[in-house]
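Work through the exercises below with the sequence and the structure open beside you. Each task is followed by a solution that proceeds step by step.

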Protein chains: 2
Amino acid sequence: MSAAPHFNKIALIGFGLIGGSIARAAREQGLAGEIVTTARSARTRARVAELGIVDRVVETNVEAVKDADLVILCIPVGACGPVAQEIAAHLKPGAIVSDVGSVKGAIVRDMAPHLPEGVHFVPAHPVAGTEHSGPDSGFAELFINRWCILTPPAGVDPGAIERLRAFWTALGARVEIMTPDHHDLVLAITSHLPHLIAYTIVGTADELAQVTSSEVIKFSAGGFRDFTRIAASDPTMWRDVFLANKDAVLEMLGTFNEDLSKLTRAIRRNDGEALFEHFTRTRAIRRGIVEIGQDSAAPDFGRPHAHLGKKA
Amino acid sequence: MSAAPHFNKIALIGFGLIGGSIARAAREQGLAGEIVTTARSARTRARVAELGIVDRVVETNVEAVKDADLVILCIPVGACGPVAQEIAAHLKPGAIVSDVGSVKGAIVRDMAPHLPEGVHFVPAHPVAGTEHSGPDSGFAELFINRWCILTPPAGVDPGAIERLRAFWTALGARVEIMTPDHHDLVLAITSHLPHLIAYTIVGTADELAQVTSSEVIKFSAGGFRDFTRIAASDPTMWRDVFLANKDAVLEMLGTFNEDLSKLTRAIRRNDGEALFEHFTRTRAIRRGIVEIGQDSAAPDFGRPHAHLGKKA
Ligand SMILES: NC(=O)c1ccc[n+]([C@@H]2O[C@H](COP(=O)([O-])OP(=O)(O)OC[C@H]3O[C@@H](n4cnc5c(N)ncnc54)[C@H](OP(=O)(O)O)[C@@H]3O)[C@@H](O)[C@H]2O)c1
Ligand SMILES: NC(=O)c1ccc[n+]([C@@H]2O[C@H](COP(=O)([O-])OP(=O)(O)OC[C@H]3O[C@@H](n4cnc5c(N)ncnc54)[C@H](OP(=O)(O)O)[C@@H]3O)[C@@H](O)[C@H]2O)c1
């Protein structure tokens, strides 16, 4: 493992779940002489100042990136192109410019053309998150044992890639490098399609004529509540993800629909054997996820339980 | 709230997640003079005896129900008809016969014809569970603050219904009464369809040519891992649920497919506004679920996190 890197100044543009978690972890690990941040709204900037996690909160993106050795855009995917354009002329030569966007092809397409020679563009995506957002939602442990995927364009300085790898490693993450296109396919199935399906079924439940919303809510412990968690994620972030990763999402959706038709047919034909075979096969993936520590083995994700008072 | 009831002898047929949780909670609450149980396999019976939670483990269903005041079938839905037939002649007059099956129409159809006059048939479904099964998976707290739905056929003795209600209340549950058909519609959307979709997408991910299983597993923290939990549930139980609740599941699936087509069309047409509007609407249901205590408000279901060692 590489030694923890040190940056004189880190600029975080955007301070929500991801920006706020990076700030907290980077400060805890002492990775920067100074952490400077900004956010779009005065309200968020005021809250960040109040939280006292970063060294300085500034008013503008341009001011934030001034003299920074590492600049990370922690904003919705659709906002990254315009912000890259805005800050381009103000970047310090030799700076590393990165992001945390959940889509990578579109980020490279939108940001790269604006960035000047002499800065190192290394796009990144930490595969970690919760359903919460905003300046109070971050925490230093978010990235521990999660993967962070880097998708450096061809020709980027290997030293810059290594420094960013060491940075994410110091935040607790494991780092993997792949192409933007492959990233977008992998995330389409491991993240984007699950979110789309969860948003769909929660919407379906909300609109049913036969079952009231109050019943859906009361009896949600049968499985439905798991879907509502990810369908409570930030609408702006997810709108941008689906628009930016349209092709890969539509491709995965095609395969999913075929598989759903197959299972539907098995139900319609009372084919218990086909159902049993399918339901047996899907357990292996869960075991793999628990084995490599990407989820808890505790039942029900380890959800808290109340206790029965002894009445006897 | 009704006073905790007391039964001289409770018979639990089947000792998995649900039977085992009822046994643990009923013993903790002192609801029975004697709890007797049995299971299909000698292996499970031996394990239950070893656990020492119940008073007696017997070899056969017939032996278990002898002189019992409350008999609860805690076995897969498809097994309830044959077991009802097997025990019918051996039930004590005045006994309450119940079950815990996740489908209710089929249970009434399959069990009721076998049961003799003079026993009280009150089907039940505790809407609570985890992805684990078997004799070791149960715990006394499983039913606390969860709903248990009773679907007594017309004409059942109200006193028997009240005693079963009081029993579930003593286990920590809240009790609601509805018709079997309405139960099956409600559960189709809050439980059966979510499981079907989770089983589908986990299967899809498993078979992709473009993305390896190892990648799916590594990057599952983007949302996919939530689906793998319910797709790791017992295959026999779920095969039986889909066969027994076919009509309601197919009906909900029809609506879900329409809604998924609508969102797919919005993605294809770059209609960010439609996506944003949908993603905003689905947050309300999550809030409702958290507000009435059917899920934890902690981010990520309160999944455990490791800590960053201070390196600075
Ligand atoms: N949430 C996750 O689970 C997760 C996981 C991995 C990666 N990501 C990626 O991380 C990025 C940020 O997500 P997040 O969850 O941290 O979001 P968040 O909590 O909603 O925070 C977003 C931040 O971006 C700022 N912002 C929003 N729109 C902007 C715009 N048009 N121009 C400039 N700044 C803008 C917001 O400022 P105001 O507060 O002033 O509005 C806020 O500081 C997204 O690209 C997302 O794809 C998210
Ligand atoms: N799991 C949940 O989340 C949940 C929630 C609510 C309701 N339910 C319902 O509760 C019931 C039991 O589920 P569970 O999760 O407790 O299952 P489980 O942990 O797999 O236990 C099932 C029990 O039934 C016995 N059994 C299996 N097949 C049988 C057969 N053909 N004849 C007689 N006994 C048989 C098993 O005996 P052996 O161990 O000897 O095989 C075992 O003792 C099901 O009807 C299910 O729909 C489940």
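**Exercise 1.** Which polar backbone atom lies 2.9 Å from an oxygen atom of ligand 1, that is, to which residue does that backbone atom belong?

*Solution.* Keep in mind that this is a predicted model. The backbone atom belongs to A:Gly134, and its partner is an oxygen atom of ligand 1 at 2.9 Å. The pair counts as a polar contact because the cut-off for two N or O atoms is 3.5 Å. Side chains take part as well: an N or O atom in the side chain of A:Arg40 is 2.7 Å from an oxygen atom of ligand 1, and for the side chain of A:Ser41 the corresponding distance is 2.6 Å. With these contacts in place, note that the protein covers 85% of the 900 Å² of accessible area that ligand 1 has on its own.

**Exercise 2.** Describe the shell of residues around ligand 1, from its nearest members to its overall composition.

*Solution.* Begin with the 25 residues around ligand 1, of which A:Arg40, A:Ser41, A:Thr44, A:Ile75 and A:Ser102 come nearest. Next, look for the elements that contribute: α1 (17-28) and β7 (124-126) of chain A each supply at least two residues of the shell. Finally, sort the shell by residue type, which gives 13 nonpolar, eleven polar and one charged.

**Exercise 3.** Turn to ligand 2 and list polar contacts that its oxygen atoms make with chain B.

*Solution.* Start with the backbone, where a polar atom of B:Ile18 is 2.8 Å from an oxygen atom of ligand 2, and a backbone N or O atom of B:Ser41 lies 2.6 Å from an oxygen atom of this ligand. Then add the side chain of B:Arg40, which has an N or O atom 2.7 Å from an oxygen atom of ligand 2. Of the accessible area of 900 Å² that ligand 2 has on its own, the protein covers 85%.

**Exercise 4.** How are the two chains related, and through which surface do the copies meet?

*Solution.* Superpose the chains: a turn of 180 degrees, with a shift of 0.0 Å along the axis, lays chain B on chain A with an RMSD of 0.0 Å. The two copies are therefore related as by a two-fold rotation axis. Now compare the interfaces: 100% of the interface residues of chain B are also interface residues in chain A, so the copies meet through the same surface.

**Exercise 5.** Into which domains is chain A divided?

*Solution.* The division gives domain 1 (7-178) and domain 2 (182-294) of chain A, whose centres, taken over C-alpha atoms, are separated by 30 Å. Their contact takes 21 residues from domain 1 and 18 residues from domain 2 of chain A.

Key: Residues are numbered from 1 along each chain as its sequence is written. Chains are lettered from A and ligands numbered from 1 in the order in which they are written. This is a predicted model: local features need pLDDT of at least 70, side-chain atom pairs count only at pLDDT 80 or more; totals for chains, interfaces and linings use all residues. Side-chain values use heavy atoms; hydrogens and water are left out. Copies are superposed by least squares on the C-alpha atoms of residues with pLDDT of at least 70 in both. Contact means heavy atoms within 4.5 Å. A polar contact is a pair of N or O atoms within 3.5 Å; within protein, one must be able to donate a hydrogen and the other to accept it, and residues adjacent in sequence count only if both atoms are side-chain atoms. Accessible areas come from the Shrake-Rupley method with a 1.4 Å probe; for residues, only the protein chains shown count as cover. Domain bounds come from an automatic or database domain assignment. A residue is near a molecule or strand if one of its heavy atoms lies within 4 Å of it. Helices (H or I, at least four residues) and strands (E, at least two) are DSSP runs, numbered from the N terminus. Ala, Val, Leu, Ile, Met, Phe, Trp, Tyr, Cys and Pro count as nonpolar, Asp, Glu, Lys and Arg as charged, and the others, Gly among them, as polar.
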